[in-house]
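Please examine the assembly shown here. The account that follows proceeds from a pair of packed helices to the chains and domains around them.

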Amino acid sequence: MGKRIGHRTVKFTNAPAIISFASAAGENEKKGPYGGYFDLTFDDGLWGEKTYELAERKMLTRVSQEALKKAGLTPADVSYMLAGDLLNQIISSGFAARALEIPFIGLYGACSTMAESVMLGAMLADGGYALNVLCATSSHFATAERQYRNPLELGTPRTPTAQNTVTGAGALVISAQKAGFPAVTFATAGRVIDLGINDVSDLGAAMAPAAAETIITHLEDTDRGADYYDYIITGDLGTFGSEMLLRMISGTGRDISANHRDCGVLIYGGDKKMGCGGSGCGCSAAMMCGYFLNEMKNGRINRMLFTATGALHSPTSMLQNETIPAIAHAVAIENGSVV
Amino acid sequence: MNYLWAFAIGGAICAAGQILLSKTMMTPARILVLFVTLGVFLTALGVYEPLAELAGAGAQVPLTGFGYALAKGTFKAVDEYGIMGALTGGVTGTAGGIAAAVVFGYLVALIFKPKVKK
Amino acid sequence: MDIKKSIDDKTYKRQVKQKEPKSRLLKECAAAFLVGGLICVLGEALNDIGGCLKLDKQATDVFRSTALIFLGALFTGIGWYDVLGKFAGAGSIVPITGFANSVVSPALEYKWEGQVLGVGAKLFTIAGPVLVFGIISAVLVGLIYCIFG
C-alpha cells in the first residue's frame, strides 16, 4: 500500500520494466531524421492493403507482434493488451487485438494514448495483476484526415499552425520485477484541461496547458527539479504548442527549455511542408518505441519524463462550436532501477 | 481586352475569398455558400449583370457566377411560367453544371485513387 | 498545480493569438488573384471557342461550365488540384473548378465503402450546401420577382 504520492502521482515499487519495444512508420516519417530507428516501414500509405484502415491495422498488429518477438513472448504469455487509436470505435486496436488474441482493454486518449497505456500497463504489472502487458497505439495520416478533416485531394491550404498526422505505430511490453531494463518509476495522470481554444488547426495551443499542468504536478508530487530528467518529452505539441508550453512553465518559475523535446517537432526534422510538425498517437508512439527507448536501452539516456498530450474533441463537437479540451499523462522512465 | 477584364475581375473575386479564408475562421464550404448566395442576390439587385457583361468569364467562372446563373434561370422561368418558374428556373438554368459535376465526379472517382504522398 | 490559478482563458487565448505564426495575407491574396484570374482567362477562352463553334449564348455557358468542371475533376483525380490549392487557396476554391474538386475529392476516398453509400453518397458532402443554399436563395428571389415584378 501507500503507492500514491502528492496530488496525482503513483510511485511504482515493483520495477515494472519495459522489456521490449517496436515501432513502425510510413514514407514521410521514414524520410525524416529518425527514419533509421523505426523497425518496420512502408511506402504509399496502403502497405499492400486495399484500404488505409487496413494498413493502419496492419501496422498496429505488426509492431505488437514484433515487440512480443523481441521479448521472446507469445500472445499466450501476455495478460493484457492496452491499445487505442484515433479512429471511431478504435477499430485499428480492436481488430488488431482480434488478430493477436490477447485480452483487450481498449483506450481512447487521442494522442495521449501511448502514455496512458504505459501508465495503466505499469499499474497492472506493478500491482501483480498482470505478468506481461502489451501497450500499443497507432495513427495514420489518411484515416485521420478522412475522419477529422478534409478529403485528401481537396484543394484547401493549411493554416500556419496546422500539423501533419503521423503514419506510425509503437508497441512495448511491460513486465514487473525485471532488472536491467528501463523501468517505469512514476506515473502522473492528467485531468482534462480546456482554456477555450476552438481552432482545430491549432491543436498545439489547445494541448499545451494540459501538458504544463501535468508536468508541473508531476515535479511537485515527486519533489524533483526540471533538470532531474535528461529529457522531458511531449508527444505532439508541435513548434507553436511547444513555445506556449515553455512560456507557461517558465511562468511558474521553472524552466524546461534545455531538456524539453517534442516528438512532433523531431519526427519531420522541421520540414516546412509538415507545418508545425507531426501529430497523432503514432507520433509519440513511433518516436518513443523507435528512438527514445532505444537510446535508453543503450544508456545514452537514463531518465526521461514522457508526457503525451491528447485533444479530446470530435468532428461533431467542432461543428457544434465547442472548444477543445485536452489531457496529458506523464510517465517517468528510468534506468538503474532496483528490484 | 476581354481577357484582361476576365483576369482582373475573376482574380479580385478570388482574392476577396482569400481574405475571408485567411482572416476569418470560415471554412471553404461556408465561403462557397456565401459566394453562391451573394451571386444570386447581386443578380437580383441588378448589380451582377453589368459585371458579367464587362468581365465575361471573370464573373461567370467564380462561384458567384453559379449564383448568377441560378438567378437568371429563375427570372427567365418566372417570366415564362409565372410562380412555378420560381421553383423550376434555378435548377434548370444550372442543370448542365450540376449534371456535369455528378457525371464527371462519379467517373473520376471510379477511375482514380486518392494519394497520401505529397 | 491548478493551471487555472496561473493563467485564465482570456489571457491564454490572447497570448496564443499574439504568438501564433501568422499567414502572410498579401502573398496569399496575390496567389489567389493570380490563379483565380488565370482560371477565369481559361473560361473566357472557352467562351470564345464556343463563339467559334457558332454556339448560342446558353450553349456556350453549358460548354464552358462543363469543360471547366471536367478539368477540375480530372486534375483532382490525378492528384494535382490539392497541390494547386495549397499554393492558391481561394484562387482554386472559388472558381467552378473548385466546385468540381469538392465533388470529386470526397468521392475518391470513399470508394471502399461501396458505390451507393460510398461514392454516391459522398459526392455532395462538401458541395451539397452550395446547392441547398443556392437553390433556396434562387427560389426566394424568384418568388419576390414574381410577386413584385
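H7(B) passes H4(C) in a right-handed crossing, a crossing being right-handed if the near helix is turned clockwise from the far one by less than a right angle, and left-handed if anticlockwise. This is a predicted model, in which local features need pLDDT of at least 70 and side-chain atom pairs count only at pLDDT 80 or more, while totals for chains, interfaces and linings use all residues. Residues are numbered from 1 along each chain as its sequence is written, and chains are lettered from A and ligands numbered from 1 in the order in which they are written.

Helix H7 of chain B covers residues 95-111 and helix H4 of chain C residues 57-78; helices (H or I, at least four residues) and strands (E, at least two) are DSSP runs, numbered from the N terminus. The two pack at an angle of about 20°, with their axes 9 Å apart. Axes here are lines fitted to C-alpha atoms, for helices over the stretch in contact, and angles run from 0 to 180 degrees between N-to-C directions. H7(B) and H4(C) are therefore roughly parallel to each other, a term for angles under 35 degrees.

In H7(B), the residues that meet H4(C) include Gly96(B), Gly97(B), Ala100(B) and Phe104(B); among their counterparts in H4(C) are Val62(C), Ile69(C), Phe70(C) and Gly77(C). Residues are in contact if their C-beta atoms, placed from the backbone, lie within 7 Å. The residues of this helix contact divide into ten nonpolar, seven polar and no charged (Ala, Val, Leu, Ile, Met, Phe, Trp, Tyr, Cys and Pro count as nonpolar, Asp, Glu, Lys and Arg as charged, and the others, Gly among them, as polar).

Between the whole chains, 65 residues of chain B are in contact with 61 residues of chain C. On the chain B side, H1(B) gives the most, with 16 residues. By class, that side has 44 nonpolar, 19 polar and two charged residues.

Chain A contains ten helices and 15 strands. An automatic or database domain assignment divides chain A into domain 1 (4-175) and domain 2 (183-334). The C-alpha centres of these domains lie 17 Å apart, and 59 residues of domain 1 of chain A are in contact with 61 residues of domain 2 of chain A. The side of domain 1 that touches domain 2 has 31 nonpolar, 22 polar and six charged residues.

Definitions and conventions. Angles under 35 degrees count as roughly parallel, over 145 as roughly antiparallel, 65 to 115 as roughly perpendicular and the rest as oblique. Two residues are in contact if their C-beta atoms, placed from the backbone, lie within 7 Å.
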